[in-house]
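Student: I am new to this structure. Please show it to me, and then I will ask about its parts.

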Amino acid sequence: MDKQALTGAFGIYTTVWIQKGRYHFMNSISIKSFILSIIFVAFALEGYIFYNFFENSKETISKLLQTSIQTDVLNLKHFMEKNLKQKDINFIASHIDNIIIINPTVKDIHILDSNKNIIYHANIRYEDYNHSTQKCLPISKITNTNIFTQQCYSFSIKTFHGLQAKYYYANVYIDEAYTHGLIAQQIRKILVAFLVSAFVFILFLWVLSKIYIITPLEKLRQYAYYSRNPPKNFFVKEIESIRYSLNMTFKRLQQEQEELYNLSTKDPLSGLYNRLSLIEKINWLIAKNKRDKKEFAIIFLDLDNFKNINDSKGHAFGDKILLHIAQVLLKTTRENDIVARLGGDEFVVILPDFSNENTIIEIAQRLKEKLSLPFRIEDEEYQITASMGIAIYPKDGRDVQTLLKNADIAMYKSKELGKNNFQFFTNAINKAVQEKIHMQQIIKDALQHNHFKLYYQPKVDIKTKKIVGCEALIRLIDPVEGIIPPYRFIGIAEENRTIIPLGEWIIQEAVAQIKKWEQTPLKNIKISVNLSAVQFQDPKLLQKIQKYTQDIDRSKFDIELTESVLIQHFKERLNIIKNIKKLGITLSLDDFGTGYSSLSYLKDIPFDTLKIDKAFIDNIYTKDDLTFINMIVGIAQDLHMNVVAEGVETKEQLKLLEEINCKEYQGYLCSKPVPPKKFEELFSLGCV
Ligand code: C2E
Ligand code: CA
Ligand code: CA
């Protein structure tokens with residue numbers, strides 16, 4: 001194999017690798033290719049060694065041949081010089097023939113006389129051999145290389161016939177077939193040795209790498225991919241270290257997975273199940289109970305006033321309470337009940353099996369009792385209660401979301417009904433809650449898209465029958481539902497505190513109306529605006545009222561308040577009310593007579609007007625029915641207060657009110673609340 005062919009083959013082979021490598025993994029070759037390349041290099045190396053070995057043995061052979069020829073030639077020369085005479089040529093013939101027979105390298109020997117005529121030739125084996133074509137080299141020029149190409153060598157023989165020297169020549173013919181055969185035989189031997197050793201070497205290397213590298217690596221690959229059936233120890237250090245590292249990694253991964261699972265299924269604060277695993281468990285129960293046609297119950301628990309505790313005592317303290325609750329829940333429930341914390345102060349208890357609804361009631365009752373027991377934190381005694389809602393699978397929901405939502409709805413109802421209790425989910429509760437949710441959305445949209453309008457209901461001077469003022473009453477004009485009356489949304493707006501921005505809008509709108517009327521005949525009309533108790537939760541209420549009313553004559557602006565405003569934070573709110581009054585705004589006590597201790601407020605708060613609730617007006621048919629109203633009117637007069645009778649619908653009612661000197665009335669008898677334009681018309685026409 002010559003060198004060029006070798007590098008050429010190697011070149012092709014490496015390009016194939018690189019292309020393969022690019023296709024699969026950039027810059028990396030497979031172990032298989034790597035070993036094949038080692039074999040290839042080893043093969044080339046072995047080839048090179050064997051080639052040299054062949055050259056050496058060829059040289060040895062040629063040396064051997066050369067020596068044997070030279071020895072024979074030397075012997076012959078010596079023998080002939082000693083014995084050759086013209087006559088006795090035959091005497092040496094047997095000697096020559098002997099050489100030819102014994103030395104297979106020598107094919108023929110010609111003896112020539114001084115005139116170069118052949119006087120003897122052996123030619124025992126090749127009779128038709130044409131010697132004349134052969135050119136002969138002097139025997140001294142015989143070398144390792146030309147012995148295989150040069151067929152004829154000659155030498156001269158000097159004999160003496162007496163004193164006269166005579167020259168003879170001898171041509172020695174080499175048996176080319178024999179010498180070439182010798183070389184061919186050597187090549188064959190070496191080739192066989194080369195092939196056998198190469199094959200054995202490749203096989204050995206292949207088996208070794210298969211056992212110790214390829215198979216272990218494949219096992220490792222499978223282990224890494226499927227992460228199961230860890231393989232046993234490997235012989236090769238590096239592979240064994242990879243196996244060990246993989247083992248350790250998988251162990252660590254498993255640990256981390258377990259920790260993660262715990263983290264993802266348990267609530268870190270209470271150790272109870274979290275929302276995720278609760279959902280999983282409910283789903284599992286649904287599947288199971290669907291098959292078994294059985295029921296299970298969900299109790300949704302929300303702590304009462306927890307937000308206040310959290311806000312006043314801090315979150316760390318709140319966490320302690322939550323932990324206490326978690327422990328109470330675990331202690332109070334049975335072993336196969338599921339207790340979870342949904343987040344915040346919301347907990348869920350699942351009763352996977354119960355005999356009848358009484359069992360649920362008993363458990364809920366027990367929870368209520370145990371939860372409301374006093375407990376100690378940091379040497380102080382506390383008490384907390386919870387409101388609960390109960391939903392039952394499948395009647396209250398067939399999927400997790402519905403069940404949890406309905407239990408939540410029932411809990412909400414339980415809160416509404418005074419907290420520290422439980423409530424089963426019912427369709428009626430559901431409807432009410434749905435309506436509430438729907439309304440909340442409508443209010444939100446209305447605030448965004450200006451769907452609110454202020455209507456005005458006249459207040460009429462009973463004596464002159466002139467419209468002297470009006471009450472601004474809000475209307476929600478929904479694009480789908482039309483006009484929505486306040487009873488459907490005021491309560492909800494109060495609950496979610498949207499009454500605060502809404503109330504501000506009402507004040508601004510009423511002020512704007514006063515301004516519009518300033519240059520018209522309605523310039524003296526006083527507008528009363530209702531203020532909700534929730535608006536007093538806004539610490540900036542006073543400043544806002546001051547700001548919004550700064551551009552008008554405040555004596556034309558009146559605020560109607562009900563007693564509910566003063567149920568909580570009496571002192572603080574009384575102060576605000578007094579300050580409003582100081583601004584020059586007048587105050588009306590709304591729905592008078594329906595509250596708790598109406599009269600007592602009159603001495604504390606400087607009200608300008610008393611509005612007698614419609615309920616009292618509804619019941620007056622004769623003068624006898626007027627006793628109560630009469631009394632109120634009397635007190636109002638004594639205190640220099642105005643009196644407005646609300647909800648006057650009939651002329652009879654008006655007549656009776658007139659008789660007792662009630663100053664003003666408001667009611668359908670004059671008009672329902674109307675939009676500003678309509679109010680202007682009413683004003684010019686007057687009321688009865
Ligand atoms: P309210 O402040 O007592 O308002 C008087 C309510 O009685 C008004 O109902 C009015 O339309 C109604 N009314 C007046 N005269 C008659 C009558 O002769 N017959 C009958 N059947 N009803 C009469 P409305 O407008 O539905 O408001 C109901 C309640 O909603 C109000 O009671 C008030 O508490 C609240 N509200 C209305 N508008 C506002 C507002 O702008 N802000 C606040 N915070 N509450 C408002
Ligand atoms: Ca009112
Ligand atoms: Ca009223």
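What follows is a set of questions and answers about sheets, rings and empty space.

Tutor: This is a predicted model, in which local features need pLDDT of at least 70, side-chain atom pairs count only at pLDDT 80 or more, and totals for chains, interfaces and linings use all residues. Residues are numbered from 1 along each chain as its sequence is written, chains are lettered from A and ligands numbered from 1 in the order in which they are written, and side-chain values use heavy atoms, with hydrogens and water left out.

Student: Which strands are the edge strands of the open sheet β2-β1-β5-β4-β3?

Tutor: Strands here are DSSP runs of E with at least two residues, helices are runs of H or I with at least four, and both are numbered from the N terminus. Two strands pair if DSSP finds at least two bridges between them. The pairing in this sheet of 5 strands is mixed. The strands that pair on one side only are β2 (118–121) and β3 (137–138).

Student: Over how many bridges do β4 and β5 pair?

Tutor: Strands of a sheet pair through backbone hydrogen bonds, either parallel or antiparallel. Residue S154 stands opposite N171 in β5. Strand β4 (residues 152–161) and strand β5 (residues 164–174) pair in the antiparallel sense, and the number of bridges is 10.

Student: At about what angle to β4 does helix α2 run?

Tutor: Axes are lines fitted to C-alpha atoms, for helices over the stretch in contact (heavy atoms within 4.5 Å). Angles run from 0 to 180 degrees between N-to-C directions. Helix α2 (residues 31–83) lies across β1 (106–112), β4 and β5, and its angle to β4 is about 20 degrees.

Student: Why is one side of β7 and of β12 left without a neighbour in the sheet?

Tutor: Another open sheet has 5 strands in the order β7-β8-β6-β11-β12, with mixed pairing. Strands β7 (338–343) and β12 (422–424) stand at its edges, so each has a single partner strand.

Student: Which helix lies across β6, β7 and β8?

Tutor: Strands β6 (residues 296–303) and β8 (residues 346–351) pair in the antiparallel sense over 6 bridges, and A297 stands opposite L351 in β8. The helix across β6, β7 and β8 runs at about 10 degrees to β8; it is α9 (residues 315–332).

Student: Why is the pair of F452 and W505 called tilted?

Tutor: Rings of Phe, Tyr and Trp (its six-membered ring) pair if their centres lie within 6.5 Å; planes under 30 degrees apart count as stacked, over 60 as edge-to-face and the rest as tilted. The structure holds 14 aromatic pairs. The ring centres of F452 and W505 are 6.4 Å apart and their planes stand at 45 degrees, so the pair is tilted.

Student: Which element gives the most to the lining of the largest cavity?

Tutor: On a 1 Å grid over the protein atoms alone, a cavity is a set of points where a 1.4 Å probe fits but cannot get out, a pocket is an open set with protein on both sides within 12 Å along at least five of seven lines, and lining residues have an atom within 4 Å of a point. Grid points are joined across faces, edges and corners, and a volume is the space filled by probe spheres set on the points. The largest cavity has a volume of about 40 Å³, and its lining includes I500, E504 and K544. With 3 residues, the element that gives the most is α14.

Student: How many residues line the largest pocket?

Tutor: About 1,100 Å³ of space lies in this pocket. Strand β14 supplies the largest share of its lining, 5 residues. Nearest its centre lie E471, L473, P486, N530 and D590, and the number of lining residues is 40.
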